[in-house]
Structure formats: structure tokens, C-alpha cells
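Hi,

Here is the structure I said I would pass on to you. Have a look at it first, and then read my notes below.

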Amino acid sequence: MIEKMRFLSITGQKNDIDRMVEKYLSHYEFQIENALEELNYAQSASAFTDENPYKLHLQKIKDITKSYSHLFLAKPDKDVSLEEATQIVDNIENDLSGFFEQKKNLKEKEADLVDAYNMIEPFIGLNYEVPRILHFNHIKYSFGRMPVEYFQKFNDYIYESADVILKECGRDKNFVYFVYFVPAREEDRIDAIFASMYFEKIFIPDQYEGKPEDEINRLHEKIKSVQAEIYELDMKIAEYFTDNCSEILAAEQRLERYAENFEIRKYAACIKNDIHSFYIVCGWMTDRDAKKFMKEVKDDSEIFVVFEKDDAKLKSVPPTKLRHGWFFKPFEMYMEMYGLPSYHEIDPTPLLGLTYTIFFGFMFGDLGQGALLTIIGALLYHYKHMKLAGIISRCGVASMFFGLMFGSVFGFEDVLEPLWLNPQKAMTNLPFIGKLNTVFVAAIAIGMGMILLCMVLNIINGLRQKDKERAILSANGVAGFIFYFALTVVLVLFMTGHKLPAAGVMALFFGIPLLIIFFKEPIMNLINKKSEVIEGGMGMFLTQGFFELFETLLSYFSNTLSFVRIGAFAVSHAAMMGVVMMLAGAENGSEINWLIVVLGNLFVCGMEGLIVGIQVLRLEYYELFSRFYTGGGRAFVPYGKRAAK
């Protein structure tokens, strides 16, 4: 069902808005609307321009709990006030600012040392003091690396003829690291040759002492020393957070609520008079919550709440919130896929849930496979909260029921005696047609009944929305219902061998509804007192009306025949399992191959279950919903959920 909604306007002193939201409104689901748009009659209304005062403190404490998330795994076991929460954040800054600054400086020092280490590490094979190289006067040098393949080419073709001394220091999979020395006069020419071989220079600063190996050992010790200092600081910080964990988490929780509540100001209006300033917050709440809210605030003299009884006076349309019991709850997923019902529409979820379950069971009637679907679906729905799994579990129960009706269990048709019929063997004699499979006849009968029911629902929706054309004159309104009902009665009487109504009666019940459908536009123009009863001229009207009426009659026929698939899948399921049994040797009296039986059941259960699920959903959307349901409702989104998006 669709929850009844109430539109509330909440007013109070401007400086009391945070208390109102925290004490009352935050405990309810409330879809807030833009008060300036809803209350456009209030000339003195303006938007709130205040900056969120809780954002900075909240960001600071969130940065802390995120950086040290391993220390904040517990839940707060106490509550703190807003003042205490802000004080806790300030205390963290005061108590730990020195530690944080020290850690920042140490981290920078560590990064510099690591960079220096990484720079000199590739040249560990150089058995010469780096400072001496850096202070050569007549010999120029370059530290760097070259791709392995080019280094080999350089050695093969250039090295012997070039005025250069090269010392390889190390290599990895891609590069060779080395230093080369050239006379100062040859520096430019040799550098150009190396550049052409994709040599990359590495600039070594003059901070290094001794040989690269000695320098690496010295840097390694320095890095370890800095890391030890960082670790010691982390222990002190961790000790502080461990001792104050509950208070910090409680402060974060409180600031988070107030920061979120403050965002309500984006939608609220501010009204000023000569003395005071007031806030106005308005939006939608379920009728049940609205009554509780009114009862809770009735003794609070600082808050005034007004119900708007006439939705027509509002700019926003009521949102849709669905509320269903355990059986229909999973089917809300299919409703959301198609579109939520508008507030004044009939909620089709119960109809969808019942018909989807029954149709699926009829098309997939097997006691054993239905039990399998029920168990798997129920487990996934219980532990993983998958709505589709919930739908599968309900459909599995229907499959079990129809499996009993058809006498089928895991494809074996001779284990159980059918309580109703065997889908492949049961036949019905019909006048003019002859023998026809009984499940096909039942499927057509179900389809005609469902189409009539959907027409009734369309009439109700049309009346609710005060749409006379939809409720009375349309192909799915009263006129269409009378025609299709008369057609159904005539077909039932004919197929069962009963006497048909007189020709005049049939002409009355067939002709008048079709004429009403044909002339619905002129009739509505007369009702609405339009000057032009037939728009576009008589010729155009007759041509357009003829094709529209033909399309309507064709849709009645095609929609009815579409339900044949219910019977067709019931027969095909039995046929597919018959093939499995034949492959397993169950039909020729030989020893049964149980592996084929198991694999065949799993294959049919998975493949046909998926196909049947899609086909039933198609029936729901195209054959049923298209006759009475428009959707287009907007979801009920409480302000807390909206802020989270």
C-alpha cells in the first residue's frame, strides 16, 4: 500500500532551529521541500545564508578517525553535548599539535633521506669516493642510466673509438647504471653521443661522503633512526586516542548529526519582522509519523506546526512511500524498475506479487525444482538481503504447488499422481476448434480475467484522478470493459455449448461501447464545452478514428493471445524434462544415469527459471500494467538520506 502523507509547516524562532531539528525532527522520516517555493506568498521570506559552523570541526575529527581508523573500531558508549564535542576537537589540537608537527617534520626528513638513498643506491658498485669525483677540475663526469639494449650497442660500436672512460655500477632488468668520464674539451661531443643513446643523467648532490656503499649504509642508519622517532611519536598519539576513544567517537557522531541537520537551512525560509526572525521548514511526513510528531511537540511553546489539508494548494506533489508485508516486500524491486506509483494511484505491488508468483509457478510447475528455488532463494534473501532472491523463494513455493497439481518432481512424471492434470496429455474438446491442450485453455481464461481486472483498476485510477476520458470513454475504461466483458461472456457460452444471447443484445453490448470509444474525443469536447467539437475536419477524424479503433481491437486480441505463453511454458517444461529423462535412460526401463538426471535438472532449473522469470515480467509490464498503470511517482526521500547523496 501507499502510505498516506501529510504536508507540515514547522515554524519557530530562527535561533531555535538546531534544537528543533536535533530534539524532534531528526527522529522522524521527513522529506523536506524548498520553503521559498512552497511559501511564495510570504513576501518577507528569504533564504538562510549562514555558513555551517560544524563543518570545520567535523572535518578535523573525521581526518583523525580516518587516519587512525585501526584505533577507532569500537562504538561510543557515551553521549556528549555539542559544546563538549567541539571542546574535544579543540583539546585534540592543543594536546597533539606538537606531536603532529614533529611527525610532519620527521616524515619530510625521512622522505629526503629516502630520495638520497634511492639516488645513490644504483651506483653501489662504484668503488671510489663520490666527493672526489664531484670536485674533478679537468675531467668531466656524468652519473646516469641507459637502456640495456643501447648500452650493449654503445659497447659494441662506439666505446672503443670514443674518448671516454665508463664505469658500470649496477643494472636491473631495463637499465644499466654507470658513470663516465671525459676530457673537458670533449664533453659536449661525448654528451651528445650519449644523449642519442637515450642516456638519462642523474644529478648527484655534493652531500654524499665516501664511497656509495659507505654512503648507503650511513643513509640506511639515518632512515632507521628517523623511523624509530616516528614510531615513538605514533605510540604516544595512539595512547592518547586509545584513552579518549569513546569521547572522540561520540564527538564525531554529535558533530555529524548537527552538520547534517544544519543542511536543512538550504531548504528552509527565514522571515523577519520588526523584532524577531523566524524559520519555516516544510515538507512531507507519513500520517503515522505526523501524528506522533504533533503529539510530541504540542507542549513545546517554541514550535508551531501546521497541517496543509488540501494538496491542490501545494506546488510539490506528495511523494510515494510503499509499505508492504513480508510477502510483497521483495516485489517492490520490480515496481521501482517500472516506476513508482503516483500518490493518487492504486499501488499495484500486491497484484504484481500475486500474479507473478502464480504465473511463474504455472509455467514452471515442478515440486523438486520448486523446493530447490525456495531453499536457495530464502537463504540468499535472509543472509544477503537480495530482493530478487526473495522473489525467487516465493516463486519456488508456487512451483512446488503446481508441481503437485501436474504430478512432476525433478522431471519424473510417474512418481506422483497429478492432483489436476498432466500438461502434455490433458486435452479439451472445444466447438469449432476441436481438441486443444487444457493448459492453453486455462491460460487464455486467466488472461481474459486479468485483462478485465486491469480495466476495473484503470477505471478506479481514472476516477481518483478525475480523468473522465480515462475512466469512462477509453479502451480500458467503462466502455472498453463492457465490450471486452461481453466478448468474454459470448466466448465462454460458445465454448461450453450454451445458447448465445440474441443478436440485438450482442449488438447493444458490442456496438455502443465501440461507438463510445470511437467518438471519445468529440464527447470530451462537448463535456468540456469546446467550440470545435471535431478537430481537424470530419474526414481526418473518421480516418484517424478508424485506425485507432482497429488498433484497439487488435490489442485486445494480441494481449489475450499473449497469455498463451503461460500454458506453452508449462508444456515446454515437461517436454524439456522428458528429454533429460530420456538421456538418462529413465524412459526405456534401463538403469538410470543419475549424473545426467542431476545435471539436467540443474540446467533446466537455471536456464528455464531465468527465461520464465523474464517472460512473466514481460506479461506484467506489457499486458497488465499498460492497461491501468502510469507510474511517475516520486520516491519519498527523508532529508537524512538526501544529504547522504
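To get you started: which residue in β6 does Arg171 stand opposite? The partner is Val176. Before I go on, please keep in mind that this is a predicted model.

**The sheet**

That pair belongs to a hairpin made by β5 and β6, with three residues between the two strands. Strand β5 covers residues 165-171 and strand β6 covers residues 175-183; they run antiparallel, and six bridges join them. If you want the general background, strands of a sheet pair through backbone hydrogen bonds, either parallel or antiparallel.

The hairpin is part of an open sheet of four strands, and if you walk across it you meet them in the order β5-β6-β4-β7, with antiparallel pairing. The edges are taken by β5 and β7 (200-201), each of which has a single partner strand, so one side of each has no neighbour in the sheet. For β7, have a look at how it is held: two bridges join it to strand β4 (residues 139-147), and the two run antiparallel. Within that pairing, Gly144 stands opposite Lys201 in β7.

**Salt bridges**

The count of salt bridges comes to 26. Here are a few to click on.

Start with Asp287 and Arg6, whose side chains meet in a salt bridge at 2.8 Å, N to O. Asp287 sits in helix α10 (residues 287-297) and Arg6 in strand β1 (residues 5-13), so this pair ties together parts that are 281 residues apart in sequence. How covered are the two partners? Asp287 counts as buried because its relative accessibility is 11%, under the 20% cut-off. Arg6 has a relative accessible area of 22%, so Arg6 is partly exposed.

Next comes Arg189, which forms a salt bridge with Glu186, and the closest N and O atoms are 2.8 Å apart. Arg189 is partly exposed, at 42% relative accessible area, while Glu186 counts as buried at 15%.

Then there is the salt bridge between Glu263 and Lys266, where the closest N and O atoms are again 2.8 Å apart. Glu263 is buried, with 18% relative accessibility, whereas Lys266 is exposed, with a relative accessible area of 59%. Elsewhere on the salt-bridge list, Glu22, Asp79, Arg254 and Arg257 are joined into one network by salt bridges that share partners.

**Helix α9 and a distance**

Helix α9 spans residues 245-262, and Glu256 lies in it. Is Glu256 buried, partly exposed or exposed? Its relative accessibility is 36%, so Glu256 counts as partly exposed. If you would like a distance to try out in the viewer, go from the C-alpha atom of Glu256 to that of Leu354: the separation is 43 Å, and the two residues are 98 apart along the chain.

**A charged patch**

Last, the surface. Which residues form the negative surface patch? They are Glu521, Glu532, Glu535, Glu548 and Glu551. One of them, Glu551, has its place in helix α20 (residues 538-562). With a relative accessible area of 54%, Glu551 is exposed, because the cut-off for that is over 50%.

If you only have a few minutes, I would begin with the hairpin of β5 and β6, then go to the Asp287 and Arg6 salt bridge, and finish on the patch that includes Glu551.

Cheers

Key
Residues are numbered from 1 along each chain as its sequence is written. This is a predicted model: local features need pLDDT of at least 70, side-chain atom pairs count only at pLDDT 80 or more; totals for chains, interfaces and linings use all residues. Side-chain values use heavy atoms; hydrogens and water are left out. Patches are made of residues with over 30% relative accessible area and no salt bridge: like charges are joined within 9 Å, nonpolar side chains (Val, Leu, Ile, Met, Phe, Trp, Tyr) within 5 Å. Accessible areas come from the Shrake-Rupley method with a 1.4 Å probe; for residues, only the protein chains shown count as cover. A salt bridge is a side-chain nitrogen of Lys or Arg within 4 Å of a carboxyl oxygen of Asp or Glu. Lys and Arg count as positive and Asp and Glu as negative; His and the chain ends are not counted. The place of a charge is taken as NZ of Lys, CZ of Arg, CG of Asp or CD of Glu. Buried means under 20% relative accessible area, exposed over 50%, partly exposed in between (1.4 Å probe, protein chains only). Two strands pair if DSSP finds at least two bridges between them.
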